[in-house]
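Trainee: Could you take me closely through the charged side-chain pairs of this model, with the parts of the chain that they connect?

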Amino acid sequence: MDLPGVLLSPGFFKDEHRLAQLDSGGTSVGMVGQAPAGDPRISTSARHQMHQGTTATNPSQDRIAVASMYIPRIEIYDAQGTLLTVAEVPIAWDLSVTEVYSPDVWAVGQDTRRAYTFVAASSRWVFALFSGRSSRSHGDDNDFFGDIVHVFDWQGRFLGQLSLGADALSITVDPQGSTLYALEWEPLPAISAYSLGEPGR
C-alpha cells in the first residue's frame with residue numbers, strides 16, 4: 001500500500017505483526033496488524049509463509065486488501081494497518097502442521113493448492129483471481145493461473161464471481177470499476193478487457 005511517506009507490505013516476519021511500515025527509502029519504520037492465526041504448533045514465520053500473497057488499494061488509498069496465495073483468505077485493512085474485516089470467501093481450506101518442513105519453514109508441495117494469485121481493486125470492489133490448482137493437478141507451469149475472479153465489497157461481503165474466457169496470470173481494474181483487464185496465457189497470450197456490471201448479476 002503506497003501512502004504519502006509510508007508503504008505497508010506483508011512479508012515473512014518472525015514476530016506477531018502482519019504488515020511492515022516502510023518509509024519512501026525502503027527503511028522499516030514499524031510493524032502493524034496481527035499475524036494470521038493458526039495451529040499453535042506452527043511458528044509465526046511459517047504462518048507468514050503460508051499467508052504470503054498480493055495486495056491492492058482503493059483509489060483513495062485508505063483501504064488495503066491483502067489476499068493470501070495458499071489459503072483462501074482476504075483481509076481488509078485501513079491506512080494505519082488496522083484489520084477491519086476478513087472477507088467472506090466462498091471456498092475455504094486450511095494448511096496443517098504436517099505441511100511444515102521445519103519449525104520455521106513451510107514448504108510448498110505438489111498437492112499444495114494455490115488460492116488467490118492476484119488481487120485488484122476499484123473504489124467499490126475487490127477482485128481476487130482464484131486458482132484452486134496444485135502442481136500435481138495442473139503441472140508446475142499452470143498452477144499459478146486462474147480463470148475465476150471472486151468479487152467482494154470493502155466490507156468483505158462476497159458479491160459473486162466472474163468466469164474469464166482463459167487462464168489468467170494477473171488482473172487489474174480501472175478506478176471506476178467499469179472494466180477488468182486480465183493478462184492471459186492460455187489458450188493464447190493476450191490482454192483481455194471485461195466490461196463489469198453489478199457483481200453477481
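**Charged pairs and their surroundings**

Mentor: D167 is buried, at a relative accessible area of 16% (buried is under 20%, exposed over 50% and partly exposed in between, with a 1.4 Å probe and protein chains only). The model is predicted, so local features need pLDDT of at least 70 and side-chain atom pairs pLDDT 80 or more, while totals for chains, interfaces and linings use all residues. Residues are numbered from 1 along each chain as its sequence is written, and side-chain values use heavy atoms, without hydrogens and water.

The partner of D167 is R133, and the closest N and O atoms of this salt bridge are 2.8 Å apart (a side-chain nitrogen of Lys or Arg within 4 Å of a carboxyl oxygen of Asp or Glu). Because R133 lies in the loop between strand 12 (125-130) and helix 2 (135-138), whereas D167 belongs to strand 14 (residues 158-173), the pair ties together parts that are 34 residues apart in sequence (helices, H or I of at least four residues, and strands, E of at least two, are DSSP runs numbered from the N terminus). R133 also counts as buried, with a relative accessibility of 8%.

By the distance rule given above, the count comes to 4 salt bridges, and a second place to look is E75. This residue forms a salt bridge with R18, in which the closest N and O atoms are 2.9 Å apart. Here too distant parts of the chain are linked, since E75 sits in strand 7 (residues 74-78) and R18 in the loop between strand 2 (6-10) and strand 3 (19-22), 57 residues apart. Both E75 and R18 are buried, and for E75 the relative accessible area is 1%.

E75 forms a salt bridge with R73 as well, with the closest N and O atoms 3.4 Å apart, and R18, R73 and E75 are thereby linked in a network of salt bridges. R73 is partly exposed, having a relative accessible area of 22%, whereas E75 is buried.

Strand 7, which holds E75, runs antiparallel to strand 8 (residues 83-86), and 3 bridges join the two (strands pair if DSSP finds at least two bridges between them). Within this pairing, Y77 stands opposite L83 in strand 8. The hairpin made by strand 7 and strand 8 has 4 residues between the strands, and G81 takes a positive phi near 90 degrees there.
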